Amino acid sequence: MGRGQRGASWLGLRYSRQAMSISLSNGVNYHAGEYLLIEDGRILGFERASHLYSDLEVVDFSSDFCVPGLVDTAFLAPVGVNEDGTRPAGYGTGVWHAKQLSQKWLDSGVTSAASMGGIDRLDLDLGKSIAEGRLIGPRIYPALSPLVPAGMSNFGALYGVREVSGVDEARRAVRELIKQGAERIVLYADVPLEFHADPHETSRHRLVFSVDELVEMVTQARQAGCYLHAQAISAAAIDNAFRLASVRLAVHSA
């Protein structure tokens, strides 16, 4: 995996093909002959036996069954909604609110949270602080800046969005986010020119990514082995993203 140091306290949980097989329509077996790596109680990922360090502690569960116990959620780190429906008014209160939410989620059984982005790389810093033990919370998968069509720089100051115009900028944006530490790419396939109380009105007035821009972002993320999630509301954005550009993961789409 290339994650961790030799001699660290790693736990390799070996599963046989039968115990870890997931039967789909074509009978595909996932992670056959691989080990689940755990360090300090955190799941790092799977690795083949030939790539394991010789000093790992290995526990054999090949005769047992594994039932997933993970709860995954998505969040916008600095703009979480309070129980009374209000949102943080500024960056400082947004940081404090994100810290409070992280601990509450973990106490409620949420063990991983996929970020929808945030201003000033808040989700990346929050995830690092949790991973290094300075804060308590679930594992955070940072997205850094959500990508939006050009012309939407006023799309919520705390969202930390990045405008994209054209295929070249789409390619550059995805590559730079991944280089900066994004573990997932989040894009808004369409965004409202302005917000309306009536959601039907909001859905009619939207800027939309072109198919070429979407295809390039999907291609770059896929080549880098990075997840890409899209939010799409209007019919044009849904068609562009999920049918024409082959986006596979949807968030908050109508």
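Two strands are said to pair if DSSP finds at least two bridges between them. With that criterion in hand, strand 6 and strand 7 of this predicted model can be examined. These strands run parallel and are joined by 3 bridges. At one position of this pairing, Ala114 has Tyr141 in strand 7 as its bridge partner.

The two strands belong to an open sheet of 3 strands, arranged in the order 5-6-7 with parallel pairing. Strand 5, residues 72–75, and strand 7, residues 139–141, form the edges of this sheet, and each of them pairs on one side only. From one strand to the next, the twist averages 25 degrees.

The sheet may now be placed within the whole chain. The protein chain contains 7 helices and 14 strands. Of its 254 residues, 40% are buried. Among the contacts with a separation of 6 or more, 62% are made by residues 24 or more positions apart in the chain.

Strand 10, which spans residues 184–188, offers a detailed view of a covered element. This strand is mostly covered, with 5 of its 5 residues buried. Arg184, Val186 and Tyr188 point one way from the strand, whereas Ile185 and Leu187 point the other way, and the residues of both groups are buried. Strand 10 pairs with strand 13, residues 227–231, in the parallel sense and over 5 bridges. Within this pairing, Ile185 stands opposite Leu228 in strand 13.

Arg184 deserves separate attention. This arginine lies in strand 10. Its relative accessible area is 3%, and Arg184 therefore counts as buried, since the cut-off for that class is under 20%. Which residues surround Arg184, once its neighbours within four places in sequence are left aside? Its contacts include Ala114, Ser115 and Met116, together with Tyr141, Pro142 and Ala143. Cys226, Tyr227, His229 and Val251 are also in contact with Arg184. Ala114 and Tyr141, the bridge partners described above, are thus both found among the contacts of Arg184. A further spatial relation links Arg184 to Pro146: the two residues are 38 apart in sequence, and their C-alpha atoms are 9.8 Å apart in space.

The helices provide two packing arrangements that share helix 6. In the first arrangement, helix 4, residues 167–180, packs against helix 6 at an angle of about 30 degrees, with the axes 8 Å apart. Helix 4 is therefore roughly parallel to helix 6, because angles under 35 degrees fall in that class. The crossing of these two helices is right-handed. On the side of helix 4, the contact involves Val167, Ala170, Arg171, Val174, Arg175 and Ile178. On the side of helix 6, it involves Asp212, Glu213, Glu216, Met217, Gln220 and Ala221. By class, this contact has 6 nonpolar, 1 polar and 5 charged residues.

The second arrangement joins helix 6, residues 211–223, to helix 7. Their axes come within 10 Å and cross at roughly 40 degrees. Helix 6 is therefore oblique to helix 7. The crossing of helix 6 and helix 7 is right-handed. Here Val211, Leu214 and Val215 in helix 6 meet Asn240, Ala241 and Leu244 in helix 7. The residues of this contact divide into 5 nonpolar, 1 polar and no charged.

Two loop residues remain to be considered for their backbone geometry. Most residues other than glycine have a negative phi. Arg121, however, has a phi near 55 degrees, a positive value in a residue other than glycine. Arg121 is located in the loop between strand 6, residues 112–115, and helix 3, residues 122–131. What is the relative accessibility of Arg121? The value is 37%, and Arg121 therefore counts as partly exposed.

Ser246 likewise is not a glycine, yet has a positive phi of about 65 degrees. This serine lies in the loop between helix 7, residues 235–244, and strand 14, residues 249–250. With a relative accessible area of 38%, Ser246 is partly exposed.

Methods: Residues are numbered from 1 along each chain as its sequence is written. This is a predicted model: local features need pLDDT of at least 70, side-chain atom pairs count only at pLDDT 80 or more; totals for chains, interfaces and linings use all residues. Side-chain values use heavy atoms; hydrogens and water are left out. Helices (H or I, at least four residues) and strands (E, at least two) are DSSP runs, numbered from the N terminus. Buried means under 20% relative accessible area, exposed over 50%, partly exposed in between (1.4 Å probe, protein chains only). Axes are lines fitted to C-alpha atoms, for helices over the stretch in contact, and angles run from 0 to 180 degrees between N-to-C directions. Angles under 35 degrees count as roughly parallel, over 145 as roughly antiparallel, 65 to 115 as roughly perpendicular and the rest as oblique. A crossing is left-handed if the near helix is turned anticlockwise from the far one by less than a right angle, and right-handed if clockwise. Contact means heavy atoms within 4.5 Å. Ala, Val, Leu, Ile, Met, Phe, Trp, Tyr, Cys and Pro count as nonpolar, Asp, Glu, Lys and Arg as charged, and the others, Gly among them, as polar.
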